[in-house]
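Let us take a friendly walk through one protein model, strand by strand and helix by helix. Have the sequence and the 3D view ready.

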Amino acid sequence: MATYDLAFHTRLDGYAVVQTFVETGIQVTDSVVIAGVSHGFNATADVVSTDPYLFLGVSDEGDLRFDYGVIMQNQFIYVNNGADFERDTATGTVTYTVTPSWTTSALVLSALGIDVATANDTAYVAKCVSASNFWCWNKRRESNYTDSPSTVPNASVELAATLYAMQLYRERGTSGDAYAGYDAMGNLPLPVNLSRIMQLLGCSRATVA
């Protein structure tokens, strides 16, 4: 969870436009909580735009219009019914919470082909699953995907999250680039590399159209 202070706010044609002092990483479809703001801006809402330009209102066709000659950094827009409100400084905060759930402990244990022996093992698998979910979600976001954290985008992303969690679990108690082992011939190399995981995530290129 991250909380940011608000800098400015305005409302036009039933849409609230809010700016923060710093970059937040908030993207379209993200759910945010606006609190501590006057004039009816407080809400739990889904972001409909993060275009960094001056908002001009809604066209006759219902599209958001912008003045692309005026830059408005660190802003996001959400539906907010009420009277138009001229741009002014704002007090209050925006809170942004993400809890990705693209793979599960059951999927990871099935991929590992083991049964956990202790409660400590179960807890560690859960930590690996949580870490993998966040890591995979962040990597997709860095490549400009706008995914729901609670709904896995497709089967390849689910497999990627599962494989990465499995890899984290198997690295327990190890160092370097190989798993711990007891074979006289030495440790086995990692069977799953990050290139394969990134490929499954659809992140083999910097951005997507």
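Here is a short tour of some strands, one leucine and a group of helices.

This is a predicted model, in which local features need pLDDT of at least 70, side-chain atom pairs count only at pLDDT 80 or more, and totals for chains, interfaces and linings use all residues. Residues are numbered from 1 along each chain as its sequence is written, and side-chain values use heavy atoms, with hydrogens and water left out.

**Strand 2 and its partners**

Helices (H or I, at least four residues) and strands (E, at least two) are DSSP runs, numbered from the N terminus. In strand 2, residues 15-20, 6 of the 6 residues are buried; buried means under 20% relative accessible area, exposed over 50%, and partly exposed in between, with a 1.4 Å probe and protein chains only. Tyr15, Val17 and Gln19 point one way from strand 2, while Ala16, Val18 and Thr20 point the other way.

Two strands pair if DSSP finds at least two bridges between them. The table shows the pairings of strand 2.

| Partner of strand 2 | Sense | Bridges | Residue opposite glutamine 19 |
|---|---|---|---|
| Strand 1 (residues 2-12) | antiparallel | 6 bridges | phenylalanine 8 |
| Strand 7 (residues 75-79) | antiparallel | 5 bridges | glutamine 75 |

The hairpin of strand 1 and strand 2 has 2 residues between the strands, and aspartate 13 there takes a positive phi near 55°.

**Leucine 64**

Leucine 64 sits in strand 6, residues 64-71. Is leucine 64 buried or partly exposed? With a relative accessible area of 24%, leucine 64 is partly exposed. Leaving aside residues up to four places away in sequence, leucine 64 touches Tyr15, Val48, Ser49, Phe55, Gly57 and Val58, where contact means heavy atoms within 4.5 Å.

**The helices**

In helix 4, residues 194-201, Ile197, Leu200 and Leu201 are buried. They cover an arc of only 100° around the axis, which puts them on the same side of helix 4; the arc is that of the directions from the helix axis to the C-beta atoms. The buried residues of helix 4 pack against helix 2 (119-142) and helix 3 (155-170). Glycine 202 follows helix 4 and has a positive phi, near 80°.

How do helix 2 and helix 3 meet? Residues in contact include Tyr124 and Trp135 in helix 2, and Tyr164 and Leu168 in helix 3.
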